[in-house]
Amino acid sequence: MATLAPPLQPELAQRNRAPAQLWLPHWSLSHCVRAIVSRSTLGIGRHWPAEWHHNHFPASPLCTISWFFAGHSELLEPGQAPQRLPPVSLAGPFTRPTQSRNSPEGHGMMLMLMPDALQALTGIDPARFLNRFVPLDEALDASWQAMAEAVLAAPDDAARVVLIESFLGPRWRALRRDADHPHLLRLQDWLQGLALQAAASGVGRSLRQFERRIKGWTGLPMRELRGLGRAEQAFFRTLAEGEGPVRWAEVAADTGYADQSHLCRETRRVTGFAPQALRELIAEDERFWIYRIWS
């Protein structure tokens with residue numbers, strides 16, 4: 001389980017939170033892009049205590065392209081030396097929560113792609129990059145590298161988002177996979193559509209062939225995807241409670257868990273923390289900003 005430094009002072013964290021922004025994709029890309037996220041600690045990070053420069057991320061089926069326009073980040077793995085990430089990197093799905101540490105000041109952006117979309121656009125198997133980061137130029141072709149360089153050179157985040165969507169839009173349309181609704185695609189909805197597509201694809205219709213297709217498109221087995229989708233559903237269900245007390249047994253029942261203990265075990269597996277502790281950390285702790293931005 002992940003460990004933490006002493007709790008931050010809530011009022012101080014609130015006053016010094018780093019600006020973070022989330023862009024939802026154009027509706028035609030909503031089955032390709034989950035979101036684009038940026039965050040900057042320029043001008044404020046140098047005054048923070050060391051622990052504030054850490055980031056906690058949950059396990060996720062998404063593939064991510066990350067840019068650092070200023071500063072850098074290091075991946076922190078238990079028992080290993082910190083791994084400094086390149087200015088532009090690709091990460092595959094992660095089956096475990098991760099922690100990273102940023103330089104005192106920095107500015108970065110993440111493009112979160114559905115794994116089957118990346119597979120369809122590039123032909124790569126997301127499983128090749130499971131639980132790891134690689135330099136983008138080791139994974140994707142010259143056209144993707146040129147897009148990434150243009151994003152690095154763009155004057156601001158708004159221009160970067162335009163560049164990313166302009167690059168992906170025609171390629172995604174060429175696959176004839178335009179979305180049929182303009183809403184944020186939650187993992188459970190995406191997984192249901194993926195299952196229907198897998199069931200209707202190919203000659204073989206056996207369970208083993210079905211699961212092989214799913215894993216080939218996403219890099220993860222169906223069981224793992226269902227668990228991550230259920231965890232996200234519980235997260236959004238908890239947000240609906242607002243600031244009041246959460247009835248965890250009801251959340252478990254509403255989101256497909258066998259019972260409250262099952263919810264607690266799965267939340268620890270996906271995030272590293274028990275549900276109530278995670279809820280408090282999201283509300284108060286700058287290190288959990290990636291969770292808070294979805295709320």
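Select strands S1 and S2 to begin: in this predicted model, the two strands run antiparallel and are joined by 4 bridges. Within this pair, look for Ala20, which stands opposite Arg39 in S2. As background for what you will see here and in the next stops, the strands of a sheet pair through backbone hydrogen bonds, and the pairing can be either parallel or antiparallel.

**The sheet of six strands**

Now widen the selection to the whole sheet to which these two strands belong, an open sheet of 6 strands in the order S1-S2-S9-S4-S7-S10, with antiparallel pairing. Its edge strands are S1, at residues 20-23, and S10, at residues 133-135, each of which pairs on one side only. If you turn the sheet so that you look across its strands, you can follow a twist that averages 20° from one strand to the next.

Stay with S2, which covers residues 33-40, and colour its residues by how far they are covered. How many of the residues of S2 are buried? The strand is mostly covered, with 8 of its 8 residues buried. On its way through the sheet S2 also pairs with S9, in the antiparallel sense and over 7 bridges, and in this pairing Ile36 stands opposite Leu111 in S9.

Next, add S4, residues 63-70, to the selection beside S9, residues 107-113; these two strands pair in the antiparallel sense over 7 bridges. To find your place along them, pick Trp67, whose bridge partner in S9 is Met109.

With the strands still in view, show helix H4, residues 157-174, and ask which strands it lies across. The helix lies across S1, S2, S4 and S9, and it runs at about 25° to S9.

After S9, move on to helix H2, residues 115-122, where the buried residues are Pro115, Asp116, Ala117, Leu118 and Leu121. Just after H2 comes Gly123, which takes a positive phi of about 85°.

**The sheet of four strands**

Hide the first sheet and select the second one, an open sheet of 4 strands with antiparallel pairing, in the order S3-S8-S5-S6. At its edges are S3, residues 54-57, and S6, residues 83-84, and each of these strands pairs on one side only. Zoom in on S5, residues 73-76, which runs antiparallel to S6 and is joined to that strand by 2 bridges. Here Glu74 has Arg84 of S6 as its bridge partner.

**Two packed helices**

Leave the sheets and select helix H5, residues 187-200, together with helix H7, residues 222-239. Two packed helices are described by the angle between their axes and the distance between the axes. For H5 and H7 the angle is about 150° and the axes are 8 Å apart, which means that H5 is roughly antiparallel to H7. To see how they touch, show the side chains of Leu187, Gln188, Trp190, Leu191 and Ala195 on H5, and on H7 those of Met222, Leu225, Arg226, Leu228, Gly229, Arg230, Glu232 and Gln233, since these residues make the contact.

**Two residues to inspect**

Select Glu266, which lies in helix H9, residues 260-271. Is Glu266 buried or exposed? It counts as buried, because its relative accessibility is 14% and the cut-off for buried is under 20%. Leaving aside its neighbours within four places in sequence, Glu266 is in contact with Gly227, Arg230 and Tyr257; Arg230 is also one of the residues of H7 that make the contact with H5.

Then go to Ile282 in helix H10, residues 275-284, which is likewise buried, with a relative accessible area of 11%. Again leaving aside the neighbours within four places in sequence, Ile282 is in contact with Phe235, Phe288, Tyr291 and Arg292. Select Ser295 as well, and you will find that Ile282 and Ser295 are 13 residues apart in sequence and 9.8 Å apart in space, C-alpha to C-alpha.

**The whole chain**

Finally, show everything and zoom out: the secondary structure of the chain comes to 11 helices and 10 strands. The radius of gyration of the chain is 19 Å, close to the 19 Å that the globule rule gives for 295 residues, so the chain is as compact as a globular protein of that length. Of these 295 residues, 51% count as buried. Among contacts between residues at least 6 apart in sequence, 74% join residues at least 24 apart.

Key
Residues are numbered from 1 along each chain as its sequence is written. This is a predicted model: local features need pLDDT of at least 70, side-chain atom pairs count only at pLDDT 80 or more; totals for chains, interfaces and linings use all residues. Side-chain values use heavy atoms; hydrogens and water are left out. Two strands pair if DSSP finds at least two bridges between them. Axes are lines fitted to C-alpha atoms, for helices over the stretch in contact, and angles run from 0 to 180 degrees between N-to-C directions. Contact means heavy atoms within 4.5 Å. Buried means under 20% relative accessible area, exposed over 50%, partly exposed in between (1.4 Å probe, protein chains only). The radius of gyration is taken over C-alpha atoms; the globule rule is 2.2 Å times the number of residues to the power 0.38. Angles under 35 degrees count as roughly parallel, over 145 as roughly antiparallel, 65 to 115 as roughly perpendicular and the rest as oblique.
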